[in-house]
Amino acid sequence: MRLSRKVENAGRPAAPIRIVHIGLGNFHRAHQAFYTEHASDADEWGIAAFTGRSAGAAEELAPQDGLFTLIVRGPEGDAPEVISSLSAVHAAADHEAYLTYLADPQVVILTSTVTEHGYCRGADGNLDQDAVADDVAALKADPRQRVASLPARLVAGFLARRETLGEGDQARFTVLPCDNLPSNGAVTAALVRELAELVDPSLVGWIDAHVEFATCMVDRITPATTDEDRASVEEQCGWQDISPVPTEPFTEWVIEGDFAAGRPDWESAGVEIVEDVEPFEQRKLWLLNGSHTLMAYAGSVLGHRTIDEAIADERVRGWVQDYWAEASAHLSLPADSVTAYQLALLERYENPRIRHLLAQIAHDGSAKLPIRIIPTARAERAAGNSAQGCQRAIAAWVLHLRGVGAPVKDPGAPLGAANDKPLADAVAAVVASLDAELGADEEFVSAVVAAAEELETLAG
């Protein structure tokens, strides 16, 4: 029997839609959808979720009425649970449905999980106008035309909301990006305003008056779904779920920002609402995401396929701990809490039942290294230190771009710089592409070259 709201004891009735989400992937379903499911007022807050680009997730979930089984995989066994908070699922191509939701005064929050690359942010921190040129042209010609990028989808939604709701309280709205970008709310606000200025300058003032951009830190390791996961659900639960989501027991969500038009009672589900999310954001980006990036490239050089395999290798564990020592020195949270966080990360990484693929983590390194690795590298060099852990991560990425280890899936990667030159020249070009200041640091670049040569020897 296929999972749906008609299956006895599987899910609750769909809640009225008050949240729109862009990026219907496993992470959203294990995180934001999970927290909304467990809020004390969950029956008042349904989510309409849209895919990022591919229609696959919507096609899988629509016959299941948006229901899916969350498989919480602890070291000792599974804890499956049906999540009911997705009241509707849509492909990105269903743009008219999206505009209709955004124009509804009952819909007051939009969340997003489109990866760092999806925000179309250029190397200078501003909107990459070349990446959104087609979207800008489309919106100028017809504000209801379908667009692809996240900033353009937001601008399109706000144009529809302004057209229908005009000025006043009923138009108020909150955007809550949930990707691993520092100050993700402020970054999204700036990019959206830049795009709005290109499309319709009068919209910028409307956004400033009616839209809040909240910021958050998110954390939960969520691998891709496998046939084994599907078979496990059918065996344990008795129903067929085409799109279950495996995840780890640990989860964290820290939010900063105002929600003038309301939000779910996420605190009742364990969300922490704070005045300043930056210290938590840095801890997670630099320690968890930074070490993930290091392992994705350096671990795959050694032939490892998953996080648990990589961290079980004493060489990789040592590299991670070297990197953590550097990153931790520049965090503002108390030292004992940072140490406790590292120990918790090791326990999470060692969980053999969470098969988190290094190849999956390796995607889009060109967007990830500048926010996960480079801040620590710059801080270490400013302090007069070598930044050896950061150098190894960058060196491993260079080898990755040259075809060593995990396959490259990164539209922004400087492949020409990495592949058209001898290794030493490639390293210099790639470091410069990541950060001009580090690219001009000859001692740093030389050390990255040495690290790349050492890793290349290990790969052989």
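From which domains does the lining of the second largest pocket draw at least three residues each? This tour of a predicted model ends at that pocket, after visits to two sheets and the helices that pack on them.

**Stop 1: the sheet of six strands**

Begin by selecting β5, β2, β1, β6, β7 and β8, which in this order form an open sheet with parallel pairing. Colour β5 (86-90) and β8 (211-213) separately: these are the edge strands, and each pairs on one side only. Viewed along the sheet, neighbouring strands are turned by 20 degrees against each other on average, direction ignored.

Next, select β6 (residues 109-112) and β7 (residues 173-177), two parallel strands joined by four bridges. To see one matched pair of positions, display L110, which stands opposite V175 in β7.

**Stop 2: helices on this sheet**

Add helix α8 (residues 202-210), which packs on the sheet and touches β7 and β8. The direction of α8 makes about 70 degrees with that of β8.

Then select helix α4 (residues 95-102). This helix lies across β1 (17-22), β2 (46-50), β5, β6 and β7, and runs at about 135 degrees to β1.

**Stop 3: the sheet of three strands**

Now select β4, β3 and β10, an open sheet in that order with mixed pairing. Why is one side of β4 and of β10 left without a neighbour in the sheet? Both β4 (77-83) and β10 (245-247) stand at the edges with a single partner strand each, so one side of each has no neighbouring strand in the sheet. Here the average turn between neighbouring strands is 25 degrees, direction ignored.

Focus on β3 (residues 68-74), which pairs with β10 in the parallel sense over three bridges. Display I71 and its bridge partner in β10, P246.

Helix α9 (residues 227-237) is the next selection. It lies across β3, β4 and β10, at about 95 degrees to β3.

**Stop 4: the second largest pocket**

Finally, show R73, T226, E228, D229 and R355. Of the 13 residues that line the second largest pocket, these are the closest to its centre. The pocket has a volume of about 240 Å³. Colouring the lining by residue class gives six nonpolar, two polar and five charged residues.

To settle the opening question, colour the model by domain: the lining draws at least three residues from each of domain 1 (17-275) and domain 2 (278-459).

Technical notes
Residues numbered from 1 in each chain as written. Predicted model: local features only at pLDDT ≥ 70, side-chain atom pairs only at ≥ 80, totals over all residues. Heavy atoms only, no water. Pairing = 2+ DSSP bridges. Axes fitted to C-alpha atoms, helices over the stretch in contact; angles between N-to-C directions. Contact = heavy atoms within 4.5 Å. 1 Å grid on protein atoms, 1.4 Å probe; cavity = no way out; pocket = protein on both sides within 12 Å on 5 of 7 lines; lining within 4 Å. Points joined across faces, edges and corners; volume = space filled by probe spheres on them. Nonpolar A, V, L, I, M, F, W, Y, C, P; charged D, E, K, R; others polar. Domains from an automatic or database assignment.
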